[in-house]
Amino acid sequence: MSDTAMSTSEAARKSEHFDVVIVGAGISGIGGAWHLTRQCPEKSFVVLEAMETFGGTWHTHRYPGIRSDSDLYTFGYRFKPWVGAPIATSAEIKTYMGEVIDESGIGPHIRYRHRISSARWSSAEKLWTLEGIREDTGEAIRFTCNFLWMCQGYYRHSKGYMPQWPGMERFRGRIVHPQTWPEDLAYKGKQVVVIGSGATAATLVPAIADDTAHVTLLQRSPTYFIPARNANNLADTLREIQIDETWIHEIVRRKILFDQANFMRRCMEEPEAMKEELLKGVRAYLGPEAEMDPHFTPTYRPWRQRIAFVPDGDLFRGIRAGKASVVTDEIEAFTETGIQLKSGKTLEADIIVAATGFDLNVLGDIAFEIDGEPLVFSDTVTYRGMMFTGVPNMAWVFGYFRASWTLRADLVGDFVCRLLGHMERKGARKVEVALRPEDEGMPLRPWIDPENFNPGYIMRGMHLLPKRGDKPEWQHTQDYWAEKDEFPAIDLDDRAFVYR
Ligand SMILES: Cc1cc2nc3c(=O)[nH]c(=O)nc-3n(C[C@H](O)[C@H](O)[C@H](O)COP(=O)(O)OP(=O)(O)OC[C@H]3O[C@@H](n4cnc5c(N)ncnc54)[C@H](O)[C@@H]3O)c2cc1C
């Protein structure tokens with residue numbers, strides 16, 4: 001018997017069936033499991049996770065200073081109060097997730113080191129068959145399920161996005177990516193250049209500035225930041241007067257979301273005034289002599305890219321103290337000892353950190369087939385950014401860019417549980433979304449409007465993502481404030497849902 005035949009029959013023998021399979025044990029997958037245990041306690045389920053533990057993003061990223069860039073009152077689940085400072089370290093987020101797992105008994109449902117590589121839907125059997133390997137033993141694994149809940153995130157965990165610059169091979173120092181931060185990276189007393197201007201660069205620079213000889217943030221163009229005290233006054237007051245943490249969580253969430261809605265509305269309606277306000281916030285930390293232009297004055301209007309919160313303005317305090325500096329320029333080439341810039345200047349470096357972002361990873365690098373045909377995901381149309389035309393019994397959690405991801409993970413959690421209950425009552429074993437007669441001729445556009453939001457990883461990967469239509473039900477609107485009311489009101493008997 002060949003090795004392949006052996007592993008196939010071995011896998012077949014070990015095939016296990018669950019009502020629901022959740023792929024991924026990040027914040028979305030653990031949230032999904034929590035919703036299932038509470039809202040569909042009769043459904044059997046398993047969470048399959050490629051890595052050795054839960055956390056997803058918060059396990060993968062281990063660079064110095066790694067922390068959230070949005071507040072944990074809204075990045076935390078709606079069902080578990082957050083009791084710490086608004087901006088949290090990855091260790092704190094993992095502790096919080098660990099408590100959710102322990103308190104709800106989800107632990108035994110999670111299989112770690114289980115990487116799924118293929119998912120095949122059979123309309124005859126009304127089943128998904130998932131195959132993959134165990135990362136620790138190399139053993140083939142097989143699961144079948146009625147419903148597949150994709151919580152695999154949106155970027156490739158194994159490796160970050162590394163642009164190729166001329167002369168990289170010449171550089172005698174180390175080039176690293178924050179997503180695969182080497183544990184042995186000795187940056188003490190070294191000249192470090194961090195390429196990038198996003199939340200990762202803004203976190204990393206102050207975290208290493210005290211130890212390095214100098215750290216330079218090299219950016220092509222600046223980003224907006226919100227520097228402020230890492231505290232929530234309302235939460236502090238409510239705690240002082242001994243309000244219950246469950247209430248504090250709900251009240252503070254509502255206040256933050258109310259303020260964010262105002263902030264976003266103002267970014268759309270009065271972008272110039274908002275720009276001035278944001279720049280003023282940065283200037284307050286940098287001091288009056290700071291060179292705001294070009295280093296801290298973005299050319300785009302606020303909110304076209306995610307705005308990172310900078311707790312206690314640590315990045316700007318480091319720059320003001322001279323421990324870190326910012327260079328706004330473009331890379332001509334790497335040299336043996338650093339970077340040659342297009343302006344003609346050079347930056348000497350022992351270590352270059354490319355905080356250049358992610359590689360979009362649609363559907364977790366899983367080869368999907370629907371009734372024997374490979375699924376071309378970009379040919380599908382999205383139903384509210386969570387289901388896809390022609391893909392039965394499957395939901396995907398893709399959170400918000402402008403609000404905390406988990407707000408949507410909770411909304412999708414409610415939706416999936418309601419859908420599963422509806423199918424049960426109808427006796428349906430298959431549900432699929434399909435364009436309705438009234439959608440005929442609807443123009444189909446890329447997943448997201450680049451005029452509205454345009455981070456690099458989305459722009460690089462847009463061709464891989466499903467299409468959107470021009471009605472809210474056929475878009476991922478990125479609007480939490482509308483979806484929080486729309487999702488619970490979705491009519492599951494609308495013609496967009498086709499049951500068998
Ligand atoms: C450094 C950093 C900071 C961020 N900060 C914030 C923030 O403050 N606020 C915010 O809203 N968002 C933030 N984000 C976005 C963040 O990724 C999401 O908010 C959220 O953590 C995503 O959770 P997730 O569970 O959907 O996906 P992930 O965290 O990506 O987890 C997906 C899991 O699925 C597993 N998986 C993937 N494919 C497979 C497969 N084929 N088989 C088995 N398992 C698989 C992965 O191993 C991983 O554990 C941040 C992102 C980064 C990178």
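In the predicted model, helix α2 (27-39) and strand β4 (114-122) each contribute at least two residues to the shell around the ligand. Of these elements, α2 accounts for the largest share of the shell, with three residues. The ligand is surrounded by 32 residues, and the closest are G24, G26, G56, G153 and G364. Sorted by class, the shell comprises twelve nonpolar, 16 polar and four charged residues.

The domain assignment divides the chain into domain 1 (3-157 + 360-499) and domain 2 (168-354). The C-alpha centres of domain 1 and domain 2 are separated by 30 Å. In the contact between them, 26 residues belong to domain 1 and 30 residues to domain 2. On the side of domain 1 that touches domain 2, 15 residues are nonpolar, six are polar and five are charged.

The largest nonpolar core holds 83 residues, among which V21, L148, W149, M150 and A395 touch the most other members. Helix α12 (residues 405-426) provides the largest share of this core, nine residues. At least three residues of the core come from each of domain 1 and domain 2. Leaving aside residues up to four places away in sequence, W149 is in contact with V20, V21, I22, G32, A395 and V416. A second core, separate from that one, contains 45 residues, including Y63, F296, L315 and F334.

Strand β6 (residues 140-150) is mostly covered, with eight of its eleven residues buried. Its pairing with strand β1 (residues 16-23) is parallel and extends over seven bridges; within this pairing, V21 has L148 of β6 as its bridge partner. V21 and L148 are also among the residues that touch the most other members of the largest nonpolar core. Strand β21 (residues 394-396) likewise runs parallel to β6, joined to it by three bridges, and W396 in β21 is the bridge partner of M150. The pairing of β6 with strand β5 (residues 127-134), by contrast, is antiparallel and involves six bridges. In that pairing, L130 is matched with F143 of β6. The hairpin formed by β5 and β6 has five residues between the strands, and G138 adopts a positive phi near 80° there.

Strand β8 (residues 191-195) has four of its five residues buried and is therefore largely enclosed by the rest of the structure. Strand β9 (residues 214-219) runs parallel to β8, and five bridges join the two. Across this pairing, V193 stands opposite T216 of β9. Helix α6 (residues 199-209) is also mostly covered, since ten of its eleven residues are buried. The buried residues of α6 are A199, T200, A201, A202, T203, L204, V205, P206, I208 and A209.

P271 is located in helix α9 (residues 271-286). With 15 C-beta neighbours inside 10 Å, P271 is classed as partly exposed, because burial requires 20 or more such neighbours and exposure 12 or fewer. Apart from residues up to four places away in sequence, P271 makes contact with R301 and P302. The C-alpha atoms of P271 and A88 lie 29 Å apart in space, and the two residues are 183 residues apart in sequence.

Terms used
Residues numbered from 1 in each chain as written. Predicted model: local features only at pLDDT ≥ 70, side-chain atom pairs only at ≥ 80, totals over all residues. Core = buried A, V, L, I, M, F, W, Y, C linked by C-beta atoms within 7 Å. Domains from an automatic or database assignment. Contact = placed C-beta atoms within 7 Å. Near = placed C-beta within 6 Å. Nonpolar A, V, L, I, M, F, W, Y, C, P; charged D, E, K, R; others polar. Pairing = 2+ DSSP bridges.
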